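Student: Could you walk me through a structure with a few questions and answers?
Tutor: Happily! Let's look at it together.

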Amino acid sequence: MPEANKFLEEGELEKILKEKLFHLEQVCRDPISHLKINEERQLISRCKRPSSRAPSVLAAHSEDWEKRTLWGIQPKRILSLVHDDLYNFYENQICASLVDNLEEVLTERIREIQRVVRQTQSIEKWQAALETKNHHRAKRMSQLWGALWGDGGLLSQSEKALERVAKLRRRVRVLTNSFLYRKSSKRKGLKLRMTNIFSDQSTYRNVADIWRAWQRENASGLADPQEGWKRIQDATIGMHYYGYLTVLKGLEYLGCVPDDLDMRFCEGVRLPFGSDIGNLSLYWAPDGSLELKPPDGDSIRITSVPSLLAGSDEIEKWMECLPHKNLMILHLDSEQPKALPKTQIRLRGPGPKDDPVTFVSIAPWELESVERVARALRWRLWGPVY
């Protein structure tokens, strides 16, 4: 975990928005427009300025005549010049797209701060565990707290940071109902060019400053595809290692001790354990999964999936395609679940008893990950014994 205090500090984009967001609000309320002149056939009573082509068009359309007189034609309709304000041009499109970009960045920032808030709330919730007789959990929690947060006040600091960013996002979301946002089209891949309007108009010039601050904030997300692929691979490998660690800690939590404490656990190695239900063995398979062999019965295959399963629209179809065998899937918990309520309960795991697939949600920012994995292992290993 990075230093939480430094992570919660006000970033460059937040400072720029705090100083110049009202310029974007002003542009969205009262944007400049280009004057567009159209020709339209109107009733003679509504015509303010006839077009130069009005006589020739009137001569060709006898249905627009009111009547004929000795002095000529009395028109009923005439080709008129109609002035129309045009708002959907480049500078206004930049402003409308900036609203969407800012909302996306601020939403992601809020999710990150919410994780810190949940961590600190977990600390408050588990504070009572130190006063109980569960000394194993108390020791582990004390070590975690001492390593991550040596000083107090982090909960109030994270809540203030969350309120600060949420306030900015509320102001940005209001702009999605503004006049400019409705009139202008939002195009993907727009790049800022310092046109005359952005250079001469002070309000638009400040909007350009916000756009450049957003670009600097979003620079990491605009990396080349090769770098993005590498980040995904690193995250996948990191999730596998974190899954291995939680399984080992969960076995230790259940009192399972390796027979050889000096053995290095790596790919292709089978690690034997001693427990009160008999001898166990944990094997690191070449495909990245773990195989836990109980004294009696089939092996339990454990695999880590770096995905937000509950956030998928088609998670039920995916779960139907899983092999019906002893399988334990460690996955990330979704902050915005889209699955059915019964599926969400199943993904929290473990259960039901006759389900061959056990789901356990873990995450580095969840202090209960080891307890959840230990509970699932006890469900699978100790359940048949009792």
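Tutor: A helix axis here is a line fitted to C-alpha atoms over the stretch in contact, and angles run from 0 to 180 degrees between N-to-C directions. Keep in mind that this is a predicted model.

Student: At what angle do the axes of helix α2 and helix α6 cross?
Tutor: Helix α2 covers residues 12–29 and helix α6 covers residues 154–174. Their axes come within 11 Å, and the crossing angle is roughly 20°.

Student: Are α2 and α6 roughly parallel or roughly antiparallel?
Tutor: Angles under 35 degrees count as roughly parallel. The axes cross at roughly 20°. Therefore α2 and α6 are roughly parallel.

Student: How do the residues of the contact of α2 with α6 divide into nonpolar, polar and charged?
Tutor: On the α2 side, the contact includes Leu 17, Phe 22 and Glu 25, and on the α6 side it includes Arg 164, Val 165 and Leu 168. The division is six nonpolar, no polar and five charged.

Student: Is the aromatic pair of Tyr 241 and Trp 284 stacked or edge-to-face?
Tutor: The pair joins distant parts of the chain, with Tyr 241 in helix α10 and Trp 284 in strand β7, 43 residues apart. Its ring centres lie 6.2 Å apart, with 75° between the planes. Planes over 60 degrees apart count as edge-to-face. The pair is therefore edge-to-face.

Student: Which of Tyr 241 and Trp 284 counts as buried?
Tutor: Buried means under 20% relative accessible area. Tyr 241 has 49%, so this residue is partly exposed. At 12%, the buried residue is Trp 284.

Conventions
Residues numbered from 1 in each chain as written. Predicted model: local features only at pLDDT ≥ 70, side-chain atom pairs only at ≥ 80, totals over all residues. Heavy atoms only, no water. Helix = DSSP H or I, 4+ residues; strand = E, 2+ residues; numbered from the N terminus. Parallel < 35°, antiparallel > 145°, perpendicular 65-115°, else oblique. Contact = heavy atoms within 4.5 Å. Nonpolar A, V, L, I, M, F, W, Y, C, P; charged D, E, K, R; others polar. Phe/Tyr/Trp six-rings, centres within 6.5 Å; stacked < 30°, edge-to-face > 60°. Buried < 20%, exposed > 50% of the residue type's maximum accessible area, 1.4 Å probe, protein only.
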